[in-house]
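Q: I would like a close look at one annotated part of this model. Please keep to that part first, then set it in its surroundings.

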Amino acid sequence: MTSSILTPARARRRRIGAQWRAPLGIVGAVVALAWILVACTAPLWVPYDPVAQGLPRLQPPGPEAILGTDSVGRDVFSRLMAGAGVTIPLALLLVGCSVVLGTLVGAIAGYAGRWVDETLMRITDLVMAFPTVILAMVIAASLGPSLFNAVIAAIVVSWPQYARVSRSIVLSLRGQNYVIASRLLGYSPARSLWTDILPNVAGPILVLASLDIGTAILLLSGLSFLGLGAQPPTAEWGSMISGAMENFDAWWIGVFPGLAILTVVMAFNFIGDTLRDAFDPLARAQSIAANTGETA
Amino acid sequence: MQKTAATRSPASPLAGFLLRRLGTSVLLLIGVTLVTFLLTNLVPGDPVTAALGEGPASDPATREAFIQAHGLDKPAPVQYVMYLGALLTGDLGRSLTTGQPVVADLAKAIPATIELAVAAIVLSLAVSLVLGTLAAYRRGMVTDQVLRVLTLIGLSVPTFWLALVAFYVFFLQLGVVPGSGRISPSITPPPTVTGLYTVDYLLNGDSVGFLDALAHLTLPVLVLSLFTIGLLTRFVRTSVLEVLDTDYVRAARAKGLGGWRVVSAYVLRGASLPILTVVGVAFGALLSGTVLVESVFSWPGLGSYSYNAARNLDLPGIMGVGLVVGVIYLVINLVVDLFYAILDPRVRLS
C-alpha cells in the first residue's frame with residue numbers, strides 16, 4: 001500500500017471494484033421492493049392471525065409454525081410478515097414529513113435571511129444539541145407511549161438535517177443571475193423560491209432521505225423496544241425483540257425480527273449509498289477515472 | 001453568527017474564538033433547559049398525579065401543598081424561572097422509579113456510562129483509522145468495496161438486537177465473558193476517585209479488580225462500537241482520500257519516504273481535523289446507543305436508568321437524563337471545537 005501508481009493490474013482491479021457499485025444498489029432495491037411487497041400483501045397470505053394467541057406456547061420452529069411461536073402462543077412468522085406493514089409505511093411517512101418540514105424551514109431561512117434565518121437556524125442547532133434517540137425518547141415519553149407519538153417524536157428529531165442542507169443550497173443560489181432576473185420580471189419571492197430554487201434542492205435531499213429511511217426504521221423499532229412505540233399486541237419488530245428478553249431460551253422470538261430490521265435497513269442503506277455516489281460529482285469523477293483507468 | 005459576536009481581541013484570537021464558542025454553548029444550554037421544561041409541561045394529564053402517584057394526589061390538602069410548593073398555579077414563564085432556579089441548586093425532582101432524587105441517581109449513573117462510551121470511542125477510532133486508511137489506499141479495489149459493504153452492514157444492525165444476540169451467544173451459551181453489571185458480585189467496588197472502575201482499580205493497584213472490570217466492559221463496548229466503527233471508517237476514508245491528493249503528500253512520497261512514515265506523519269495528520277469533527281458526532285450516536293445497550297447488559301449507567309424511567313413513564317427521570325445528555329453532548333462538541341482551533345490556525349484567524 002505504498003504506491004498509488006496505477007499499474008494495468010491495479011486499473012483492472014479498480015474497474016472491477018467500480019462495477020460493484022451499481023449492483024449494490026440493485027441488490028438493495030430488490031430486497032427493499034420484496035419487503036414493501038410483503039408489507040402491502042401480508043394480511044392476505046400469512047398462515048395465522050398475527051395477534052391471535054391460539055397456538056401452543058414457545059414452540060421452536062417446526063412444520064406447524066415455521067419460525068416458532070412466542071410466549072403467548074402467537075405465530076412468529078405471521079407477526080414478522082405483518083410487522084413489515086407496520087414499520088415500513090411509518091418509516092416512509094416519517095421521512096416524508098421530515099423532508100417536507102426540513103426543506104421548507106431551510107429554504108425559508110436561506111431565502112429570507114436576517115432574523116428569520118438566525119431564529120430558524122438556532123432552533124435547528126437546539127434540536128441537534130441532543131443525541132437523536134435520547135431526544136426522541138424524551139418526547140415520546142412526554143406525549144405518552146404510542147406508535148403515532150413515536151412517529152411524531154422521530155419527525156421532531158429528523159428534520160434539522162434537511163433544513164441545513166436546503167438552507168445551504170438556497171443560500172448559494174439566491175444571488176445567481178437567473179434568480180435575480182426572475183424577481184426583476186416580477187415573480188413573487190414564494191414563486192421564485194418554488195420554481196427557480198427548490199428544484200435544485202431535490203437531488204441532495206433525495207439522497208439524504210434515502211439514507212435516512214434506514215435510520216428511521218432503527219429509531220422507530222428502538223423506541224418500540226423501549227416500550228415507547230408500538231403497544232401490545234401490535235406485531236412490531238422492535239417490541240417483538242423486547243418480548244424475547246423474557247425468554248432467552250426461545251431464541252427464535254427475537255432473532256428473526258432482528259434479521260428483518262437488519263435486511264430492510266441494509267437494503268435502504270445500499271440504495272442510499274449508491275444514489276449518493278451517483279449524485280456526488282467528486283465520487284462520480286473518481287469512479288469514471290477508475291473505469292477509464294486514469295488516476296483521479 | 002460567530003462573527004457578529006465581536007468579542008474578538010486582536011491580541012489573542014484564540015481566546016476570542018473560545019469566548020464566542022463558549023457564548024454559543026451557554027445559549028444552547030439555556031435552550032436545552034427550555035426544551036426539557038416545555039416537554040415537562042406538554043405532558044397530557046395531571047402533573048400532580050404524575051409526580052405524587054394516585055394515592056397521595058387524591059388528598060386535597062396534599063394536592064394544594066404540592067401546587068403551592070412547585071408554583072403550578074403561576075404563569076408558565078414564572079414556572080420556567082422557578083425550574084431554572086431549582087436546576088441551579090441541583091434539584092431535578094424525585095424519580096418515580098427509584099424514589100431517590102434524580103440528581104443522586106444521575107451522579108451514580110454518569111461515570112458508568114462515561115467509562116463505556118470512552119472505551120467504545122477509543123476502540124472505534126483505533127479500528128476505523130486502520131480500516132479507513134486501508135480503504136482509501138485501495139480506493140476502488142476489492143478491499144475498498146468489501147469494507148464499504150461491511151461498514152454499511154455495521155450501520156444497519158439494530159444495536160439493541162445485537163446486544164441481545166451477543167448476550168445470548170457469548171454469555172449465556174459460551175460463557176466466555178461476563179454479561180451483566182460492571183464487576184462480579186464477589187468483588188468489592190474500588191474506592192471512588194474518578195468513578196470509572198477500571199481507572200480506580202488501577203489507581204488502587206488492584207489488578208484482580210481491574211481485569212474483572214475490563215472483562216465486564218468487553219461485550220457492551222464491542223456491541224456499541226460496531227455502529228461507530230461503520231460511521232467513522234467511512235469518514236476516515238473520505239478524509240484520507242482528500243489528503244492523498246494534496247501536493248505535500250505527493251512530495252513526501254516522491255522523495256522516497258516509507259509507507260508508514262507518510263501515513264502517520266503526513267496523511268493522518270492532514271486528515272485529523274475532519275475526523276475530529278466526526279468523533280464529536282459519533283459520540284452522540286454512542287450516547288444514543290447506550291440507552292439501548294445498557295439495559296441488556298444490566299450496566300448501571302444513564303442508558304439503563306433512562307430505559308427503566310421510560311418503561312415506568314417516570315418523567316422527572318427521563319427529563320434528567322435528557323438534560324444531562326444534552327449537556328454532555330454540548331461539552332464534547334465544545335472540546336472538539338477547541339481542539340480544532342488549536343490544531344488549525346485558520347479557524348481562529350479567520
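Which residues of chain A does UniProt list for "domain: ABC transmembrane type-1"?

A: UniProt lists residues 88-272 of chain A under that name, in an unreviewed entry. Its positions follow the numbering used here, its feature names are shortened, and annotations may be inferred rather than shown by experiment. The model is predicted: local features need pLDDT of at least 70, side-chain atom pairs count only at pLDDT 80 or more, and totals for chains, interfaces and linings use all residues. Residues count from 1 along each chain as its sequence is written, while chains are lettered from A and ligands numbered from 1 in the order written.

Take the domain as a whole. Residues 88-272 of chain A are 83% helix and 0% strand. Helices (H or I, at least four residues) and strands (E, at least two) are DSSP runs, numbered from the N terminus. The end C-alpha atoms of this stretch are 16 Å apart. Chain A overall has 11 helices and 0 strands.

The domain start at residue 88 falls within helix H3 of chain A, which covers residues 76-112. H3(A) has 37 residues, and its end C-alpha atoms are 53 Å apart. H3(A) bends by about 25° at Ala82(A); a bend is the angle between axes fitted to the seven residues ending there and the seven starting there. Of its 37 residues, 26 are buried, so H3(A) is largely enclosed by the rest of the structure. Buried means 20 or more other C-beta atoms, placed from the backbone, within 10 Å of the residue's own; exposed means 12 or fewer, and partly exposed lies in between. Across the 296 residues of chain A, 48% are buried. Gly113(A) follows H3(A), with a positive phi near 70°.

The same unreviewed entry type appears for a second feature. UniProt places "transmembrane region" (unreviewed entry) at residues 20-46, 88-111, 205-230 and 250-271 of chain A. Residues 88-111 of chain A are 100% helix, with end C-alpha atoms 34 Å apart. Residues 250-271 of chain A are 91% helix and 0% strand, and their end C-alpha atoms are also 34 Å apart.

Now the loop between H8 and H9 of chain A, where Pro233(A) lies. A cis peptide bond joins Pro232(A) and Pro233(A), with omega about 5°.

Next, the partner chain. The contact takes 50 residues from chain A and 51 residues from chain B. Two residues are in contact if their C-beta atoms, placed from the backbone, lie within 7 Å. On the side of chain A that touches chain B, the helices that each supply at least two residues include H4 (114-128), H5 (132-143), H8 (189-225), H9 (237-244) and H10 (252-279). H1 (8-19) and H11 of chain A do so as well. Within chain A, among contacts between residues at least 6 apart in sequence, 70% join residues at least 24 apart.

Finally, confidence. Chain A averages a pLDDT of 82, and 87% of its residues score at least 70; pLDDT is the predictor's confidence in each residue, from 0 to 100. Among the elements of chain A, H3(A) has the highest mean pLDDT, 92, and helix H11 (residues 281-292) the lowest, 45. Over residues 284-296 of chain A the pLDDT is below 50, and this stretch has 21 contacts in the model beyond near neighbours in sequence. Where pLDDT is low, the predicted coordinates should not be read in detail.

How values were computed. Expected span 1.5 Å × (residues − 1).
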